[in-house]
Amino acid sequence: MLRSAFLLGLATTAALAIDIHVSPGGPIASLAAARDAVRKARLASPGEARVIVAAGTYALTEAVVFEPQDSGVSYEAAPGARPIFTGGRKITGWNAESGVWKVKVDPSWRFDALWINGRRATRARSPDSGFIQATGQPLQPLPGVEPTGEPALTLLQVEPEATQALEALSPAELREVNVIVHFSWDVQRYRLATVRAADGTLQFTAGSHRAFFSLEPYHNVVIENFRAALNAPGEWFLALDGTLSYFPRPGEKLETIDAWAPVAT
């Protein structure tokens, strides 16, 4: 009798498996909605669950978060289906201006990646190829801004000519500039607090975990995300007012541009 009761319990548990179907037409039309539907169903009937996703494109505006309570759930495509999940938004309405394509987006939409016709574009950078050579390290913060950390972590000197275009930027524009510094085996990305073009001194808004020149006698540097660096095919720049500019590659046409940028973290 005990053996029969135990087998009956296993059969009952197996029968409680839950199937949730997702499709662009709904009523469950997203991964987040499917996750929530599974959670609700399992409150009444605990057990394993399966989410079956139909063909189509599913737009994500934020990350889909799974927690321990979501264990025991499988997510799979419907037979023969190839669903696409995208965290991007298509950008339309481009116009040509002096060889550069431009469009206005919401200024609050800030992104650091852009795909044009299925290829990742290059954020405007200097130099266009290769690197700038870091030549030394000042020991005193630059005047006019509050010290941002230890000089060994926040100050770097490069070739002066590489910083000439930066002096014309407003403080807000300057903080949008990224300085990528190559260490022995990793890469650090910094934002600028201020610059002194006379001797190529860069002061960053914060330091990293490692002092410059602590393990190597030089650093390769790239400076990106400022308007003057937009000068090569395949490069793009997003201004603070939401003006997005793109320097087209050979063979690309304004009428057929397919541009996407991320909206989901």
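Tryptophan 101 is buried in this predicted model, with a relative accessible area of just 6%. Its ring partner, tyrosine 246, is buried too, at 0% relative accessible area. Tryptophan 101 and tyrosine 246 make a tilted aromatic pair, with 5.9 Å from centre to centre and 55° between the planes. Since tryptophan 101 sits in strand S8 and tyrosine 246 in strand S20 (residues 243-246), the pair ties together parts of the chain that are 145 residues apart in sequence. Trp101 also turns up in a separate, second core of 17 residues, whose members include Val105, Ala121 and Trp236.

Strands S8 and S20 also meet in a sheet. Here 5 strands line up in the order S7-S8-S20-S19-S11, making an open sheet with mixed pairing. Strand S7 (95-97) and strand S11 (122-123) stand at the edges with a single partner strand each, so one side of each has no neighbour in the sheet. At the S7 end, S7 and strand S8 (residues 100-104) run antiparallel and pair over 3 bridges. Tryptophan 101 shows up here again, standing opposite alanine 96.

Now for the largest nonpolar core, which has 26 residues. Within this core, Leu166 and Val221 touch the most other members. Two or more residues come from each of strand S13 (132-136), strand S14 (155-158), strand S15 (178-182), strand S16 (187-196), strand S17 (201-204) and strand S18 (219-224). S16 gives the largest share, 3 residues. As a rule of thumb, nonpolar side chains in soluble globular proteins tend to be buried together. What does valine 221 touch, leaving aside its neighbours within four places in sequence? Its contacts are Pro127, Phe131, Ile132, Ala134, Leu156, Val158, Val179, Ile180 and Val181.

Three of the strands that feed this core, S15, S16 and S17, are also linked by pairing. S15 and S16 run antiparallel, joined by 5 bridges, and a hairpin connects them through 4 residues. Histidine 182 has valine 187 in S16 as its bridge partner. S16 then runs antiparallel to S17, with 4 bridges joining the two. Along this second pairing, threonine 194 is matched with glutamine 203 in S17. The hairpin of S16 and S17 has 4 residues between the strands, and glycine 200 in that hairpin takes a positive phi near 75°.

Charged side chains pair up as well. The structure holds 14 salt bridges. In general, side chains of opposite charge can pair when their charged atoms come close. One of these bridges joins glutamate 176 to arginine 191, at 3.9 Å from N to O. Glutamate 176 belongs to the loop between helix H4 (171-174) and S15, while arginine 191 is in strand S16, so this pair links distant parts of the chain that are 15 residues apart. Both ends are partly exposed: glutamate 176 has a relative accessible area of 22%, and arginine 191 comes in at 40%. Another salt bridge, between aspartate 199 and arginine 196, spans 2.9 Å from N to O. Aspartate 199 is partly exposed at 22%, and arginine 196 is partly exposed at 33%. Elsewhere, salt bridges with shared partners join Asp19, Arg50 and Glu76 into one network.

Is each end of the salt bridge between aspartate 36 and arginine 35 buried or partly exposed? This pair meets at 3.0 Å from N to O. Aspartate 36 is partly exposed, with 37% relative accessibility, but arginine 35 is buried, at 13%, because that value falls under the 20% cut-off for buried residues.

Back to the rings: the count comes to 9 aromatic pairs. Among them is a stacked one, tyrosine 58 with phenylalanine 85, at 5.2 Å centre to centre and 25° between the planes. Tyrosine 58 lies in strand S3 (residues 57-59) and phenylalanine 85 in strand S5 (residues 84-86), so these partners are 27 residues apart and link distant parts of the chain. Tyrosine 58 is buried at 3% relative accessibility, whereas phenylalanine 85 is partly exposed at 36%. There is also one aromatic cluster made up of Phe183, Tyr190, Phe204 and Phe212.

As for confidence, the mean pLDDT of the chain is 91, with 94% of its residues at 70 or more. Residues 1-15 have a pLDDT below 50, and beyond near neighbours in sequence this stretch makes 0 contacts in the model.

Technical notes
Residues are numbered from 1 along each chain as its sequence is written. This is a predicted model: local features need pLDDT of at least 70, side-chain atom pairs count only at pLDDT 80 or more; totals for chains, interfaces and linings use all residues. Side-chain values use heavy atoms; hydrogens and water are left out. A nonpolar core is a set of buried Ala, Val, Leu, Ile, Met, Phe, Trp, Tyr and Cys residues joined through side-chain atoms within 4.5 Å. Buried means under 20% relative accessible area, exposed over 50%, partly exposed in between (1.4 Å probe, protein chains only). Contact means heavy atoms within 4.5 Å. A salt bridge is a side-chain nitrogen of Lys or Arg within 4 Å of a carboxyl oxygen of Asp or Glu. Two strands pair if DSSP finds at least two bridges between them. pLDDT is the predictor's confidence in each residue, from 0 to 100. Rings of Phe, Tyr and Trp (its six-membered ring) pair if their centres lie within 6.5 Å; planes under 30 degrees apart count as stacked, over 60 as edge-to-face and the rest as tilted.
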